[in-house]
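Me: I should like to go through a structure by asking what justifies each term used to describe it. Please set each value against its cut-off.

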Amino acid sequence: MSVIVTDNGFQADDFDGDIVALAEAAEGAVAVELAPDADPQALAGRLPTLQLIAVEFPSFADGRGFTTARQLRLMGFTGRLRARGHVISDQYAMARRSGFDEVEISDDLAARQPETEWKFRADWDRHDYQARLRAG
Amino acid sequence: MYRYNDFDDAFLAKRNAQFRAQVQRRIDESLTEDEFRPLRLMNGLYLQLHAYMLRVAIPYGTLSADQMRQLALIADKFDKGYGHFTTRQNIQYNWPKLPEVPDILDALAEVNLHAIQTSGNTIRNVTADHFAGAAADEIADPRPVAELIRQWSTDHPEFQFLPRKFKIAITGSPNDRAVTRAHDIGLRMVERDGEAGFEVIVGGGLGRTPVVGKVIRDFLPRADLLPYLEAIVSVYNTLGRRDNKYKARIKITVNENGLDAVRDKVEARFNELRPLFKGVDQDLLAQIEAHFAAPGFVARDEAPYELAYANDPVFRSWADTNLAAHKAPGYAIVSISLKAHGQTPGDATSDQMRLMADLAERYGYGELRISHEQNVILPHVHKADLPALHAALKEQDLATANIGLISDIIACPGMDYCALATARSIPVAQQIAERFDALKLEHDIGPLKIKISGCINACGHHHVGHIGILGLDRAGVENYQITLGGDGTEDAVIGQRTGPGFAYDEITDAIERIIRTYLELREDDGEAFLAAYRRLGADPFKAALYPEAAKKNAA
């Protein structure tokens, strides 16, 4: 099982479709998972039909997923964007600022880093140099 | 000097509160040591050989007198009364205690300083020409742009977990004092048809694979800087290798993929990112520039300087080596050497820091700089004040006249402090400095850069030393390899290895043989070591270093 983290804290997964690996996704799939080394360009043209994209984080030390999320948003993806795997609460603000809507973590991680630690970073849209440099 | 606004203050207070919580969460184990590691690193905290080490950023090398005093206070209150200035315009404290580090960070915040991204796989402290805003040869002051880059890179959400560390340097002068070609990104401020912009260099670096950076864009309009930087780092974040940390720097990414392929990707990403920057960054830059307005220089009689120069040989010797040309008439740029013969290069005691702060206030508009060569600079001193300044510096052993000479050595901390080091660096630097001081040859030898690293990670920049020394471990014994002909300026060159290395007790003799050879073979005393080496090649120096091999070849 796993826990979904949003600005409101922990919740159960309320997405009821199947999330399938991109390589195995059939033409009409509405939710896909991207491997850490996947090129988001592989989804060009399919974005309007996708409701959810999950980007895999194999390790919290591997920051490729943040760039992948930025890329997907720049390509125009407006659906649900999920960071999935080893993401720690200290990275919650980075994930949100990079374009993710939510983070999916294991129960073990949720037990070790409880909800309060994640909500501590729920004000991710404040104190953000990037927003300041791009506003207007 | 940049002064924080409400946004900067609030950001830093929040950030420090987050780190304080992270320290607490490490102690209560909601963070594993593995998870805490990058978090402490991105806040400047290393685990060294004997203790934690805190690396504090001195953004683009600029400090106010008040900031310098606070660094002294921290040295007294939380450390052993001194600090170590590094080759990347940081100051390191070698003995902080983990529970006290959040308090140190709060003390730094009081004077607009921090330790953010001085370590870890992040965009590091942006370095700049240490003579910025003062040098006679400058096209434009690079510090406002460096401050803009500091703000852009600080806590950048996409770039806190890069494949490896990422260093940016900027110069506004054609004479490159910032070693831009040895950085992941080097920026040189240039003009084309009256328009200000940058030459962008990518993929330089020292370390175990030294590479001179390559030009990825020969002219980037000034307003396009942030989206272009973001494009480079973003492409690197995806493309850089994560399977081998020794192949993870962007220099390897560029070498393996080819400059043209990397450029194509960067330009494509740049075109996506450029519309997101709607000019607000340029408005911010204009505000930042106002903080760096030059002080009100005045016209004064230079007679006190002329008098001291004519009558006091100690002052004259110091003035000849430690002053550089200032853009304003009557002024000089003063380099204060932190390389007193026999001392640890780059170390300053808290008393020395306070004296330098006071002198900056009295004679230099309250400004100080830290150079990548590990010295302190007073950028704006009127010549009339130099005799009094020199006299005051002498009292704290800060008047060593050796800037740019053989004892002005860059040395990494080496095995005395560093967990990575394979050999000692500091004692080698001390021995070389003392040897040539004793021989009274230093001023005769003239301009010469010796750089010493205690392992192949090359923190002492030995690859770009005119004479480079690399300390290695050979079956448990320290062994020092020599490279010759390196150059860190705009004509960057990686030095060439001479041959087998030397033992700890042989290396100073070896350096002396190189110097004797140079003194014997130079055309006249106007031909500096590097010029002579370029004319003569390595052979005469190798013959002096390895007489046995030379004999064999001759036979």
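Me: Which residues touch the most other members of the largest nonpolar core?

Reply: This is a predicted model. In it, the largest nonpolar core has 153 residues, and B:Ile232 and B:Met356 touch the most other members. The element that gives the most to this core is α6(B), with 9 residues. In general, nonpolar side chains tend to be buried together in soluble globular proteins.

Me: With which residues is B:Met356 in contact, leaving aside its neighbours within four places in sequence?

Reply: B:Met356 is in contact with B:Met68, B:Ile336, B:Leu368 and B:Val376. A contact requires C-beta atoms within 7 Å.

Me: What makes the core that includes A:Trp118 a second one?

Reply: That core is separate from the largest one. It has 23 residues, including A:Ile88, A:Val103, A:Ile105 and A:Trp118. Members of a core must be joined through C-beta atoms within 7 Å.

Me: Why is B:Tyr417 called buried?

Reply: The term applies to a residue with 20 or more other C-beta atoms within 10 Å of its own. B:Tyr417 has 21 such atoms, and therefore it is buried. B:Tyr417 is found in the loop between β16 (410–411) and α14 (426–438) of chain B. Not counting residues up to four places away in sequence, B:Tyr417 touches B:Gln48, B:Leu49 and B:Asn94. By contrast, B:Tyr417 and B:Thr321 are 31 Å apart in space, C-alpha to C-alpha, and 96 residues apart in sequence.

Me: Is B:Gln89 buried or exposed, and how do you know?

Reply: B:Gln89 has 26 other C-beta atoms within 10 Å. The cut-off is 20 or more, so B:Gln89 counts as buried. B:Gln89 is placed in the loop between β4 (82–85) and β5 (90–93) of chain B.

Me: What is notable about the phi of B:Gln89?

Reply: Phi of B:Gln89 is near 55 degrees, a positive value in a residue other than glycine. Most residues other than glycine have a negative phi. B:Gln374 also has a positive phi, near 70 degrees, and lies in the loop between β14 (367–370) and β15 (376–382) of chain B. B:Gln374 counts as buried because 24 C-beta neighbours lie inside 10 Å.

Me: Why are β3 (62–64) and β11 (323–325) of chain B said to stand at the edges of their sheet?

Reply: The sheet is open, with 5 strands in the order β3-β14-β15-β12-β11 (chain B) and antiparallel pairing. β3 and β11 of chain B each have a single partner strand, so one side of each is left without a neighbour in the sheet. Neighbouring strands of this sheet are turned by 35 degrees against each other on average, direction ignored.

Me: What makes β11(B) and β12(B) a pair?

Reply: Pairing requires at least two bridges. Strand β12 (residues 331–336) of chain B is joined to β11(B) by 3 bridges, so the requirement is met. The two strands run antiparallel. B:Ala325 has B:Ala332 in β12(B) as its bridge partner.

Me: Which helix lies across β12, β14 and β15 of chain B?

Reply: Helix α12 (residues 350–363) of chain B does, and α12 runs at about 20 degrees to β15(B).

Me: How many residues of chain B are in contact with chain A?

Reply: In chain B, 33 residues are in contact with 27 residues of chain A. Of the elements of chain B, α1(B) gives the most to the side that touches chain A, with 7 residues. The residues of that side of chain B divide into 15 nonpolar, 9 polar and 9 charged.

Technical notes
Residues numbered from 1 in each chain as written. Chains lettered and ligands numbered in written order. Predicted model: local features only at pLDDT ≥ 70, side-chain atom pairs only at ≥ 80, totals over all residues. Contact = placed C-beta atoms within 7 Å. Helix = DSSP H or I, 4+ residues; strand = E, 2+ residues; numbered from the N terminus. Nonpolar A, V, L, I, M, F, W, Y, C, P; charged D, E, K, R; others polar. Buried ≥ 20, exposed ≤ 12 C-beta atoms within 10 Å, placed from the backbone. Axes fitted to C-alpha atoms, helices over the stretch in contact; angles between N-to-C directions.
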